[in-house]
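Work through these three exercises with the structure open. Try each task before reading its solution.

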Amino acid sequence: MESITGPNGETLFIDPTEGKRGAKGPFYVVYADGGGEDRWGFYCGNCDTANNAVDPMGRIQCNICSNRTKAEEWDAAHE
Ligand SMILES: [Zn+2]
């Protein structure tokens, strides 16, 4: 777990081993606690922010750099 400062000044934790591939860079799963139990959202690995939105289809789009995941790649990304 890597700690970062969230958009409201809170401490968040990134799991660098868990994420989704985006068009410009990876999105990593972010937790609100260091134990990885309280899932907070995603962190954009392209512009290093946690400012993004997830649509009802589960696609992530960064509000800063427009990095986004493509839903059809979710199950194809084996790394
Ligand atoms: Zn971004």
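The exercises below concern a predicted model.

**Exercise 1. Find the strand order of the open sheet, and its edge strands.**

Step 1. Trace the pairing. The open sheet has four strands in the order E1-E2-E3-E4, and the pairing is antiparallel.
Step 2. Look for strands that pair on one side only. These are E1 (2–5) and E4.
Step 3. Check the twist. Neighbouring strands of this sheet are turned by 45° against each other on average, direction ignored.
Step 4. Zoom in on E3 and E4. Five bridges join these antiparallel strands. Tyr28 has Tyr43 in E4 as its bridge partner.

**Exercise 2. List the residues of the largest nonpolar core, then place them on strands.**

Step 1. Collect the residues. There are eleven: Leu12, Phe13, Ile14, Phe27, Val30, Phe42, Tyr43, Cys44, Ala50, Ile60 and Cys62.
Step 2. Assign them to elements. Strands E2 (11–20), E3 (27–31), E4 (39–44) and E6 (60–62) each give two or more residues to this core.
Step 3. Take Ile60 as a case. Leaving out residues up to four places away in sequence, its contacts include Phe27, Phe42 and Val54.

**Exercise 3. Decide whether Asp38 is buried or exposed.**

Step 1. Locate the residue. Asp38 sits in the loop between E3 and E4.
Step 2. Count neighbours. Asp38 has 12 other C-beta atoms within 10 Å.
Step 3. Apply the cut-off. A residue with 12 or fewer is exposed, so Asp38 is exposed.
Step 4. Name its contacts. Beyond four places in sequence, Asp38 touches Tyr31, Ala32 and Asp33.
Step 5. Compare sequence and space. Asp38 and Phe13 are 25 residues apart in sequence, and their C-alpha atoms are 9.9 Å apart.

Key:
Residues numbered from 1 in each chain as written. Predicted model: local features only at pLDDT ≥ 70, side-chain atom pairs only at ≥ 80, totals over all residues. Core = buried A, V, L, I, M, F, W, Y, C linked by C-beta atoms within 7 Å. Buried ≥ 20, exposed ≤ 12 C-beta atoms within 10 Å, placed from the backbone. Contact = placed C-beta atoms within 7 Å. Pairing = 2+ DSSP bridges. Axes fitted to C-alpha atoms, helices over the stretch in contact; angles between N-to-C directions.
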